[in-house]
Amino acid sequence: MTAPGVHDDVRPKPPVTERRLHPVTPLRRAWAPVAVLIGWAVHDPDQAQRQLTRLTTTTLLIALAVLVPAAALYGFLTWWATHFAVTDSELRIRTGLLFRRTAHIRLERIQAIDVTQPLLARVAGVAKLKLDVIGTDKKDELAFLGEREARALRAELLARAAGFAPETAHEVGEAPARELLRTPPRDLAIALVLTGATWGALAAALVVPPLLWFATHSLWTVLATGVPLLGAAGASSVGRFVGEYDWTVGESPDGLRIDHGLLDRTHETVPPGRVQTVRIVEPLLWRRRGWVRVELDVAGSSNSVLVPVAPRAVAEAIIARVLPGVTVPPLSALSRPPRRARRCVPVWWRGYGLAVTDAVFATREGLLRRSLALVPHAKVQSVRLSQGPWKRVWRLADVHVDTGANKTVTARLRDAEEAAELLRAQAERSRTGRRDARPDRWMA
């Protein structure tokens, strides 16, 4: 007999199916024991060299015969012990060979899912999923999945996060994207050449090692200093070119999609509702060409670059997609600090500026490398006023705006009375902005 209010057609939930990663994953994880030995050798090279000189050829062959199968077995067992499953409300990732760990990632808290393909992964036809989850600093990941499986799983998770029913989420597929921008490699190369950081790192790498040699005549000192400097110079030029090669920005219902990379290909998604701050960076040598760089602060995400280099008009059009209804204030609309600010910051006080519109709190800083930060009023978490003893003498104050990305944007060297009024008015604008803000959910 059926109890009142209980229907006969109540269907039990289907069992949760656990899946494993791609079979190529053990090859990646088998390197862990080898990496431990390499780390020991780098940490204590003298001891490692003494131990190697004591080993005979037979001993080395026996060691390799033991190490290679042990590494392969370790990779296989860790792969065998790793499972993941998608339920109605969460993604479960179970890992650990000796110490078990199960991550329960609620779907509604997923805000970005990036697909990355290192060079060898592209050759093998596999990809890695990286998940940005609200409230966590470290990204959970699934490495590796087949390329098609990774994209299908990403689309399913985003559909679930957007509120689609579990039985239809896998049929939604990846949302179509419309290309907004593609950075030509030539423009990217010229922009890097015209960046002061590139020349500064290269000059340090060429000048410091010879000076150390004349001062110490120690080859180890020169190498210990010169190699990191050369690495920094390469990272600021060649490394950035390789990483930002073929930078493409597209628009889709689940956010702005960013694809980039020459060797390692990365597919990122920026949900506009989670963007806290947009920065327009204009290096000195870029101004003649009218180029700018657009950077982001995204709550709970590591995505930090939206446009590596583009004409200002194109960059502002893309910013309008990230911050709907926002118009970038022109330089003429930015008010400078009062002239007495030069008593606190000589010369550089001219680089500071402030503009408050109906939509954003905008501040500028820098003379050689200008940076204009735009914070929507709805993203302001708190407003603070600071005034040191020297600034009190000259009736100046700084107004700090804190965002949800744990970052701060500051209007520096403002008149004290103006700063107090700005503090009061910004608190009210933030309350009104949060009340009228659009939802942050996927595909909303």
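## Close-up views of a predicted model

**Overview. Welcome to the chain as a whole, built from 13 helices and 19 strands.** Please keep in mind that this is a predicted model. Of the 444 residues in the chain, 39% are buried. Among contacts with a separation of 6 or more, 53% join residues that sit 24 or more positions apart.

**View 1. Helices α9 and α10 meet along their lengths of sequence 196-216 and 219-244.** Two packed helices are described by the angle between their axes and the distance between the axes. Here the axes of α9 and α10 come within 8 Å and cross at roughly 175°. That crossing makes α9 roughly antiparallel to α10, because an angle over 145 degrees counts as such. On the α9 side, the residues making the contact include A197, A201, A205, V208, L212 and W213. On the α10 side, the partners include L219, V222, L229, A233 and S237. How do the residues of this contact divide by character? They come to 15 nonpolar and seven polar, with no charged residue.

**View 2. Helix α8 spans residues 185-193 and has four names to look for on its buried side: L188, I190, A191 and L192.** What do these buried residues pack against? Their partners are the helices α9 and α10, which you met in the previous view, together with the strands β12 (291-298) and β13 (305-311).

**View 3. R154 is an arginine of helix α6, which covers residues 147-161.** Is R154 buried or exposed? Its relative accessibility is 1%, so R154 counts as buried, the limit being under 20%. Leaving aside neighbours within four places in sequence, R154 is in contact with I113, V115 and L129. The same list of contacts goes on with E174, D254, R257, H267 and T269.

**View 4. The structure holds one cavity of 30 Å³ or more.** About 60 Å³ of space lies inside this cavity. Which residues line it? Look for I280, E282, R312, L331, R364, R370, S371 and L372. By character, the lining divides into three nonpolar, one polar and four charged residues. Two strands, β11 (275-282) and β16 (370-376), each supply at least two residues of the lining. The largest share, three residues, comes from β16.

**View 5. A cis peptide bond links A143 to F144.** The omega angle of this bond is near 5°. F144 lies in strand β6, which runs over residues 140-146.

**View 6. R395 and N406 each have a positive phi without being glycine.** For R395, phi is about 55°. Where is R395 found? Its place is the loop between α12 (389-393) and β18 (396-403). With a relative accessibility of 49%, R395 counts as partly exposed. For N406, phi is near 60°. N406 sits in the loop between β18 and β19 (408-415). At 74% relative accessibility, N406 counts as exposed, because that value is over 50%.

Technical notes. Residues numbered from 1 in each chain as written. Predicted model: local features only at pLDDT ≥ 70, side-chain atom pairs only at ≥ 80, totals over all residues. Heavy atoms only, no water. 1 Å grid on protein atoms, 1.4 Å probe; cavity = no way out; pocket = protein on both sides within 12 Å on 5 of 7 lines; lining within 4 Å. Points joined across faces, edges and corners; volume = space filled by probe spheres on them. Nonpolar A, V, L, I, M, F, W, Y, C, P; charged D, E, K, R; others polar. Axes fitted to C-alpha atoms, helices over the stretch in contact; angles between N-to-C directions. Parallel < 35°, antiparallel > 145°, perpendicular 65-115°, else oblique. Contact = heavy atoms within 4.5 Å. Buried < 20%, exposed > 50% of the residue type's maximum accessible area, 1.4 Å probe, protein only.
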